[in-house]
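User: I would like to go through this structure with you, starting with its interior and then its pockets. Could you take my questions one at a time?

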Amino acid sequence: MAAPVNKVLIIGGGFSGMAAAIELRKRGVAVDLVEIDPGWRSYGAGISLGGATMRALVQLGVIDEFLAEGAASDGVEIHIPTGQKVAELPTPRLAGPDVPGNGAIMRPVLARILADATRKSGANVRLGCTFTRIEQDAGGVDVTFTDGTTGRYDLVIGADGLYSKVRETVFPDAPKPRYSGQGVWRAVLPRPADINGTMMWLGPKIKPGLNPVSKDEMYVFVTEDRETNDYIDPSGFLARVKALLAPFPDPRLQRVREQLDEDSQIIYRPLESLLMPSPWYKGRVVLIGDTVHATTPHMASGACIGIEDALVLADELSKAGSVDQALDRYLARRWERCRMVVQNSGRLGEIEIAGGDKEEHARIMRATLGALAAPI
C-alpha cells in the first residue's frame with residue numbers, strides 16, 4: 001500500500017506548523033501553509049531549549065543556524081538567593097557529541113530560521129490568509145480560504161496555537177486554555193562574560209533566571225505567583241520587575257536589576273496551559289503543538305513537544321496504510337509524552353505557588369528530563 005497522503009494543508013505558521021511543512025516536503029508531500037499574520041511575525045524575548053529540542057533541530061536540518069545565532073551550553077545551575085550554587089541539573093547531549101545539551105535563542109530569530117527552511121523546502125506559503133470553512137468526506141477535505149479561494153487536501157493539520165480556530169471549529173467541545181496562577185517577566189540585556197549557561201535562583205515565592213541567547217545577549221526571566229489573570233499596565237512593568245529582583249542579593253542579579261531601565265523591552269505573559277483529551281484528530285483533520293498541549297515553561301519543553309509532533313506525524317504519514325491508521329500511530333507515540341510534559345510542568349507551578357516540597361520539585365524535573373531524553 002502507498003503512503004496515505006499526497007497533498008496537505010497546514011493552518012498556522014508557528015514552530016510546529018513550520019516543522020511539519022519541512023518534514024513533509026522531505027517526503028515528497030505537496031504542502032500549502034497558511035498563516036493569518038501577513039508579516040509572519042513571532043513575538044517574545046528569549047526561548048530556552050533542552051536537549052530533546054536540539055535533537056529535533058538536527059533532524060529539521062537547522063542546528064547549524066541555531067548554533068551560529070543562538071547560544072548553547074551544558075547543565076542548568078540552581079542557586080539560592082545569595083548566589084551559592086546548590087545543584088546542577090545535567091543536560092545530556094542528545095543531539096550528538098558536538099551539540100551541547102541545552103540552549104536558548106531569541107524567539108523571533110528561531111522563527112526566522114524555521115521560516116527560511118520552510119520556504120527552501122518548497123512548501124507553498126500564503127501569508128495574511130486562513131480558512132473560513134472546512135468540510136470533509138471519506139476521500140479528502142475541502143477548504144475555503146479568507147481570500148475567496150478553495151482547495152482540496154488529503155489532510156489538514158491544525159497548528160494555529162493556544163487559541164486555535166481549527167480546534168474550535170472541528171472540536172467545539174474541547175477544553176479552553178487554563179490560567180495557572182503564575183506569570184513570567186522577560187527582558188533581553190547585554191551578556192556579561194561570566195554568564196555562560198542557564199542559571200536559576202530559587203526564592204521563597206519568586207524564581208528568576210538568566211540564559212544566554214547569543215554571543216552578546218542574554219535574557220532574564222522572573223516567574224511570580226499572581227492569583228488572578230488581571231491586566232497589568234505596561235507603565236508599571238519596570239518597577240515591578242525591579243521589585244521582584246530586589247530580595248536576591250546575588251551580585252549577578254543585582255547587576256541585572258541595575259541594567260533595567262525605561263528603554264528595556266520588558267514582556268509579561270500569564271502562564272496558561274491546555275491538554276486536549278484523545279483523540280487529537282477527527283476524520284482527516286489533525287491537531288499538533290500548542291493547539292492540543294500547551295504547557296507552562298517550567299520544563300522549557302513547549303516548543304520541543306510541538307516540533308516533535310511534526311516529526312512524528314510526518315514519519316507516520318510516510319508509511320503505508322490509511323489516514324486513520326497513520327493518525328492512530330501518531331497519537332499512540334505522542335499522547336503520553338505530551339501529557340507528561342503538560343502535567344508535570346503544571347505540578348511544578350503548583351509546588352512553587354504553595355511553597356511546597358522542593359525535593360518533589362527536583363524529582364519531577366529530573367524525571368521529566370530523563371523521559372524527554374528517550375527517543376520520540
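Analyst: The following exchange covers the cores, some strands, a few residues and the empty spaces of this predicted model.

User: Which residues touch the most other members of the largest nonpolar core?


Analyst: The largest nonpolar core has 99 residues, and those touching the most other members are Ile10, Phe15, Leu24, Leu57, Leu60, Leu155 and Ile157. Helix H10 is the element that gives the most to this core, with 11 residues.

User: What does Leu24 touch, leaving out residues up to four places away in sequence?

Analyst: Leu24 touches Val8, Ile10, Val29, Val31, Ile157, Ala314 and Leu317. In general, nonpolar side chains in soluble globular proteins tend to be buried together.

User: How many residues are in the second, separate core?

Analyst: That core has 24 residues, including Tyr179, Ile195, Leu210 and Tyr268.

User: Let us turn to strands. Why is E1 described as largely enclosed by the rest of the structure?

Analyst: Strand E1 covers residues 7-11, and four of its five residues are buried, so the strand is largely enclosed by the rest of the structure. E1 runs parallel to strand E2, residues 30-35, and five bridges join the two.

User: Which residue in E2 is the bridge partner of Val8?

Analyst: Val8 has Val31 as its bridge partner in E2. Both Val8 and Val31 are also among the residues that Leu24 touches.

User: And E17, how many of its residues are buried?

Analyst: Seven of the nine residues of E17, which spans 267-275, are buried, and the strand is mostly covered. E17 pairs with strand E13, residues 178-190, in the antiparallel sense over six bridges. Within E17, Ile267 is the residue that stands opposite Arg186.

User: Now helix H1. Is Ser16 buried or exposed?

Analyst: Ser16 lies in H1, residues 15-26, and is buried, with a relative accessible area of 9%. The cut-off for buried is under 20%, which is why that value qualifies.

User: What is Ser16 in contact with, apart from its neighbours within four places in sequence?

Analyst: Ser16 is in contact with Ala159, Ile288, Gly289, Gly306, Ile307 and Ala310.

User: Then Ala20: what is its relative accessible area?

Analyst: Ala20 has a relative accessible area of 1% and is buried; its place is also in helix H1. Leaving aside neighbours within four places in sequence, Ala20 is in contact with Ile10, Ile157, Ile288 and Ala310. Of these, Ile10 and Ile157 are among the residues that touch the most other members of the largest nonpolar core.

User: How many residues apart in sequence are Ala20 and Leu313?

Analyst: Ala20 and Leu313 are 293 residues apart in sequence, while their C-alpha atoms are 7.7 Å apart in space.

User: Where is Ile206 found?

Analyst: Ile206 is found in the loop between strand E14 (198-201) and strand E15 (207-212). Despite the loop position, Ile206 is buried, with a relative accessible area of 16%. Outside its neighbours within four places in sequence, Ile206 is in contact with Trp201, Val222, Thr223, Glu224, Leu244 and Phe248. From Ile206 to Thr223 the C-alpha distance is 5.9 Å, across 17 residues of sequence.

User: Moving on to empty space: what is the volume of the largest cavity?

Analyst: The volume of the largest cavity is about 30 Å³, and the count of cavities of 30 Å³ or more comes to one. Rolling a probe the size of a water molecule over the atoms shows where empty space is left.

User: Which residues line the largest cavity?

Analyst: The lining consists of Trp185, Arg186, Ala187, Val220, Val222, Val241 and Ile266. By class, six are nonpolar, one is charged and none is polar. E13 supplies the largest share, three residues, and E13 and strand E16 (217-225) each supply at least two. Arg186 of this lining is the residue that stands opposite Ile267 in E17, and Val222 is one of the residues in contact with Ile206.

User: Finally, how much space lies in the second largest pocket?

Analyst: About 470 Å³ of space lies in the second largest pocket. Its lining has 25 residues, with Ile78, Leu202, Lys358, His361 and Ala362 lying nearest the centre.

User: Which elements give two or more residues to that lining?

Analyst: They are strand E6 (85-89), helix H10 (323-354) and helix H11 (358-372). H11 gives the most, with six residues.

User: How do the lining residues of that pocket divide by class?

Analyst: The lining of the second largest pocket divides into 13 nonpolar, five polar and seven charged residues.

Conventions. Residues numbered from 1 in each chain as written. Predicted model: local features only at pLDDT ≥ 70, side-chain atom pairs only at ≥ 80, totals over all residues. Heavy atoms only, no water. 1 Å grid on protein atoms, 1.4 Å probe; cavity = no way out; pocket = protein on both sides within 12 Å on 5 of 7 lines; lining within 4 Å. Points joined across faces, edges and corners; volume = space filled by probe spheres on them. Nonpolar A, V, L, I, M, F, W, Y, C, P; charged D, E, K, R; others polar. Core = buried A, V, L, I, M, F, W, Y, C linked by side-chain atoms within 4.5 Å. Buried < 20%, exposed > 50% of the residue type's maximum accessible area, 1.4 Å probe, protein only. Contact = heavy atoms within 4.5 Å. Pairing = 2+ DSSP bridges.
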